[in-house]
Amino acid sequence: MTQVSPDSAERPRSNGAFDHLIYVLKANPVTLLAFVMFALIVISALFGPALVPYDPLQSDAANALQAPSAAHWFGTDSLGRDVFSRVIVATRLDLVISVAAVALSFVLGSVLGAVAGYWGGWIDVVLNRILDTIMAFPLFVLAMGIVAAMGNTIENIIYATAIINVPFYARLVRAEVNIRRGAGFALAARLSGNSDLRVLALHIFPNALPPMMVQVSLNLGWAILNAAGLSFIGLGVRPPTPEWGIMVAEGANFIVSGEWWLAVFPGLWLMFAVFTFNLLGDGLRDIVDPRKRT
């Protein structure tokens, strides 16, 4: 008589993607909280400009530097602009920069790492030397140099952030693929007539995704911090565009004089976004892990 493990008895009978997602959210309350927080960020990014009470670019000198109140929840800045409206509207730009940069680095790093890990040889040697060169620089300083050389546009900020994140994915995928290329399921797939490219893409790479999802989650937070840091030092998004780094930089000049809200609220929203992405890692890993679906 076949015995059923307690863990498998708790699993849903359906192996559909949606059922698996619901199972992961129910099994881990922290993951559920992280997805709720992430949904709040996405809603702010998608619908923020239509929901905020004021135009984030409209100045009102008569109401400059007003403390938080019922009319202005986060107060106003030195030009009388509503800080709450600017913080919410800035979510879209920062999220776009983060997601685009991480997507580029994920794709490029995954391809390079998978090829180097599966075939090895001179490709592996050349890739490792390139990655060593990139990681020899302090990553934020390297991003500063790239943006300064190419110009501080949004596109260049995305490219710079993607370049400094490529080594994380390339090395992680290379290690995972190198370990699994000689595994039994990979050998069985090759003996069944599958090409090397098909074995790599459909059998080995999916098993490398779980640890990569944790890295994706962390990199989303790092990308936002990187973009905000570049803006803070004047190499990022240019004023008067609402962006968290710019707002913190502008608000830092007024902290000594008592207008603390100018830097605190954008900083708190930035911290909230980074904290959310850090919490998402475990949940994303469980969702894409093939072993969790059995």
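When two helices are said to pack at an angle here, each axis is a line fitted to C-alpha atoms over the stretch in contact, and the angle runs from 0 to 180 degrees between the N-to-C directions. Keep that in mind for a pair we'll get to shortly. The model you're looking at is a predicted one.

Let's start with the overall picture. The chain has eleven helices and zero strands, so if you walk along from the N terminus you'll read one α after another. Of its 294 residues, 44% are buried.

Now for that helix pair. Helix α5 covers residues 121-135 and helix α7 covers residues 154-180; they pack at an angle of about 140°, with their axes 9 Å apart. Angles over 145 degrees would count as roughly antiparallel, and α5 and α7 are therefore oblique to each other. The crossing of α5 past α7 is left-handed.

Side chains join these two helices as well. Arg171 makes a salt bridge to Asp132, with the closest N and O atoms 2.0 Å apart. Arg171 belongs to helix α7 and Asp132 to helix α5, so this pair ties together parts that are 39 residues apart in sequence. Asp132 has another partner in Arg129, where the closest N and O atoms are 2.9 Å apart. That contact stays inside helix α5, with Arg129 and Asp132 three residues apart, or about one turn of the helix. Put the contacts together and you have a network of salt bridges linking Arg129, Asp132 and Arg171.

How covered are the members of this network? Arg129 is partly exposed at 47% relative accessibility, Asp132 is partly exposed at 30%, and Arg171 is partly exposed too, with a relative accessible area of 33%.

Further along α7 there's a salt bridge between Arg180 and Glu176, at 2.2 Å from N to O. These two are four residues apart in helix α7, so about one helical turn separates them. Arg180 counts as buried because its relative accessibility is 19%, which falls under the 20% cut-off. Glu176 is buried as well, at 14%. Over the whole structure, a search finds five salt bridges.

Next, the surface. Ile43, Leu46, Phe47 and Leu51 make a nonpolar patch of about 430 Å². Leu51 sits in helix α3, which covers residues 29-51, and it counts as exposed because its relative accessibility is 61%.

The loops have a couple of backbone oddities to check. Most residues other than glycine have a negative phi, and most peptide bonds are trans. Leu65 isn't a glycine, yet its phi is positive, at about 55°. You'll find Leu65 in the loop between α3 and α4 (83-119), and at 28% relative accessibility it is partly exposed. The other one is the peptide bond from Pro239 to Pro240, which is cis, with omega near 5°. Pro240 lies in the loop between α9 (196-232) and α10.

Just past that loop, have a look at Glu250 in helix α10 (residues 244-252). Its C-alpha atom is 8.3 Å from that of Phe232, although the two residues are 18 apart along the chain. Glu250 is partly exposed, with a relative accessible area of 30%.

Note on methods. Residues numbered from 1 in each chain as written. Predicted model: local features only at pLDDT ≥ 70, side-chain atom pairs only at ≥ 80, totals over all residues. Heavy atoms only, no water. Patch = residues over 30% accessible without salt bridge, like charges linked within 9 Å, V, L, I, M, F, W, Y side chains within 5 Å. Areas by Shrake-Rupley, 256 points an atom, 1.4 Å probe, with all protein chains shown as cover. Salt bridge = Lys/Arg side-chain N within 4 Å of Asp/Glu carboxyl O. Buried < 20%, exposed > 50% of the residue type's maximum accessible area, 1.4 Å probe, protein only. Parallel < 35°, antiparallel > 145°, perpendicular 65-115°, else oblique. Left-handed = near helix turned anticlockwise from the far one by under 90°.
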